[in-house]
Amino acid sequence: MKIAIFGSCVSRDTAEFMPEAEVVAYVARHSVTSLESPHGTAGIDLSDLTSAFQKRMVSSDLKGSGIERIVKNAKDLDVVLLDLVDERRGFWKFPDGTTMTNSIEVESCGAARVARRDGARLIEFGTGEHFDRWKSGYSKLIAGLKNAELWEKTILLDIEWAGAFDGALHPHSDSLAKIGRKWRRLQRGSREASRGLSRGQGIAEALTNLRHVRPTEAEEYADRAAAANADYVRYRSVSQSLVASTVTKTSSQVRINREHKWGPQPFHYRDEDYRSIVQSILELVATTGTSSTNTQ
């Protein structure tokens, strides 16, 4: 099975669980906003990026060539996978209206710093300005896939961020659960304040520790996932309405994999989650050409 991807780790990691899959086009670190207003490579120094893959992905974003890289393989493709992970860091908007995805690579090589120096603004994910530019760029992506007769082969992987580690219960968001989390944090704060007093801290410092209780690792990931999933809602709604097919997994259906090869993140899932996603993809591929389908 030959696959093209416009997205990032959600699709790429899933593809590794697909039998006899070959990823012939992988467009990553590339917000759809760059399809309409790419900044270009002039004045952007990527020499600090040591990986050829990183340089290729960032250069593609700067040139806005994501659609072309997929379309040139159109005749060979069995499926096109889309996900929205690369939108989460926002994009840089330069004074001339051109844009550059705010990828980790752009930040690490100093291109983000140069962009700010040149008067660019960071348009953050979830803001009205970001959503409007994203919606326009996403429509361009879909139009390009339709023109290449790839629309019926396109599947959106609408996978929410996981709010719990493998083996843990999904955190509930109802009032009683929130009260329970606050109570547990208060208990941890009380214990820390008591230990501080026993070590000779003053009352004021101990009270400060009580008021500023750091969340546990599990709570931190749960909070990140909840915030991201809330921000993604309107993006997911639009993207679902424009694609041929969608595979959907809610946060309660997936878990964070502590042993993931790229490290634990709310968008790095268990092997069984990827296998479930693959099964849904294969079912959709088997019925290519039917009406839009949502699989949970």
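How many helices and how many strands are there in the protein? Let's begin with that, and then work through some exercises together. Keep in mind that this is a predicted model.

**Exercise 1. Get an overview of the fold.**
Task: Count the helices and strands, then find what share of the residues is buried.

Solution:
- Step 1. Go along the chain and count: the protein has 11 helices and 9 strands.
- Step 2. Turn to burial. The protein has 296 residues, and 48% of them count as buried.
- Step 3. Look at the outside as well. About 14,600 Å² is exposed, and 50% of that area is supplied by carbon and sulfur atoms.
- Step 4. Ask how far along the chain the contacting residues lie from each other. Taking the contacts with a separation of 6 or more, 73% join residues that are 24 or more positions apart.

**Exercise 2. Find the nonpolar cores.**
Task: Say how many residues the largest nonpolar core has, and follow one of its members, Leu 157, to its contacts.

Solution:
- Step 1. Recall a general tendency: in soluble globular proteins, nonpolar side chains tend to be buried together.
- Step 2. Now the count: the largest nonpolar core holds 58 residues. Those with the most contacts inside this core are Ile 70, Leu 82, Tyr 138, Leu 141, Leu 157 and Tyr 269.
- Step 3. Pick Leu 157 and set aside its neighbours within four places in sequence. Its contacts then include Val 10, Leu 81, Leu 82, Val 247, Ile 277 and Ile 281. Ser 11, Thr 14 and Asp 83 also touch Leu 157.
- Step 4. Look for another core. One of 14 residues lies apart from the largest, and Val 58, Ala 111, Ala 112 and Ala 115 are among its members.

**Exercise 3. Explore the largest pocket.**
Task: Give the volume of the largest pocket and describe the residues that line it.

Solution:
- Step 1. Start with the space: the largest pocket contains about 510 Å³.
- Step 2. List the lining. There are 22 residues in it, and Ser 8, Cys 9, Arg 29, Trp 262 and His 268 lie nearest the centre of the pocket.
- Step 3. Which elements give two or more residues to this lining? They are α1 (9–15) and α5 (104–108). The largest share, 3 residues, comes from α1.
- Step 4. Sort the lining by class: 7 residues are nonpolar, 6 are polar and 9 are charged.
- Step 5. Return to Arg 29, which sits in the loop between β2 and α2 (33–36). The phi of Arg 29 is positive, about 55 degrees, although this residue is not a glycine.

**Exercise 4. Look inside for cavities.**
Task: Count the cavities of 30 Å³ or more and describe the largest.

Solution:
- Step 1. The structure holds 3 cavities of 30 Å³ or more.
- Step 2. The largest cavity has a volume of about 150 Å³.
- Step 3. This cavity is lined by 16 residues, with Leu 84, Leu 157, Asp 158, Ile 159 and Tyr 232 nearest its centre. The elements giving two or more residues to the lining are β7 (154–159) and α10 (217–242).
- Step 4. By class, the lining divides into 10 nonpolar, 2 polar and 4 charged residues.

**Exercise 5. Buried, partly exposed or exposed?**
Task: Place Ile 142, Lys 146, Gln 253 and Glu 20 in the right group.

Solution:
- Step 1. Ile 142 belongs to helix α7. Its relative accessible area is 3%, so Ile 142 is buried. Beyond its neighbours within four places in sequence, Ile 142 contacts Leu 82, Trp 151, Leu 242 and Val 243.
- Step 2. Lys 146 is also placed in helix α7 (residues 128–147). With a relative accessible area of 48%, Lys 146 is partly exposed. The C-alpha atoms of Lys 146 and Val 243 are 9.9 Å apart, although 97 residues separate them along the chain.
- Step 3. Gln 253 is in the loop between β8 (245–249) and α11 (271–286). A relative accessible area of 34% makes Gln 253 partly exposed. From C-alpha to C-alpha, Gln 253 and His 170 are 8.4 Å apart.
- Step 4. Glu 20 lies in the loop between α1 and β2 (22–27). Its relative accessibility is 76%, so Glu 20 counts as exposed. The phi of Glu 20 is near 55 degrees, a positive value.

Notes:
Residues are numbered from 1 along each chain as its sequence is written. This is a predicted model: local features need pLDDT of at least 70, side-chain atom pairs count only at pLDDT 80 or more; totals for chains, interfaces and linings use all residues. Side-chain values use heavy atoms; hydrogens and water are left out. A nonpolar core is a set of buried Ala, Val, Leu, Ile, Met, Phe, Trp, Tyr and Cys residues joined through side-chain atoms within 4.5 Å. Buried means under 20% relative accessible area, exposed over 50%, partly exposed in between (1.4 Å probe, protein chains only). Contact means heavy atoms within 4.5 Å. On a 1 Å grid over the protein atoms alone, a cavity is a set of points where a 1.4 Å probe fits but cannot get out, and a pocket is an open set with protein on both sides within 12 Å along at least five of seven lines; lining residues have an atom within 4 Å of a point. Grid points are joined across faces, edges and corners, and a volume is the space filled by probe spheres set on the points. Helices (H or I, at least four residues) and strands (E, at least two) are DSSP runs, numbered from the N terminus. Ala, Val, Leu, Ile, Met, Phe, Trp, Tyr, Cys and Pro count as nonpolar, Asp, Glu, Lys and Arg as charged, and the others, Gly among them, as polar. Accessible areas come from the Shrake-Rupley method with a 1.4 Å probe; for residues, only the protein chains shown count as cover.
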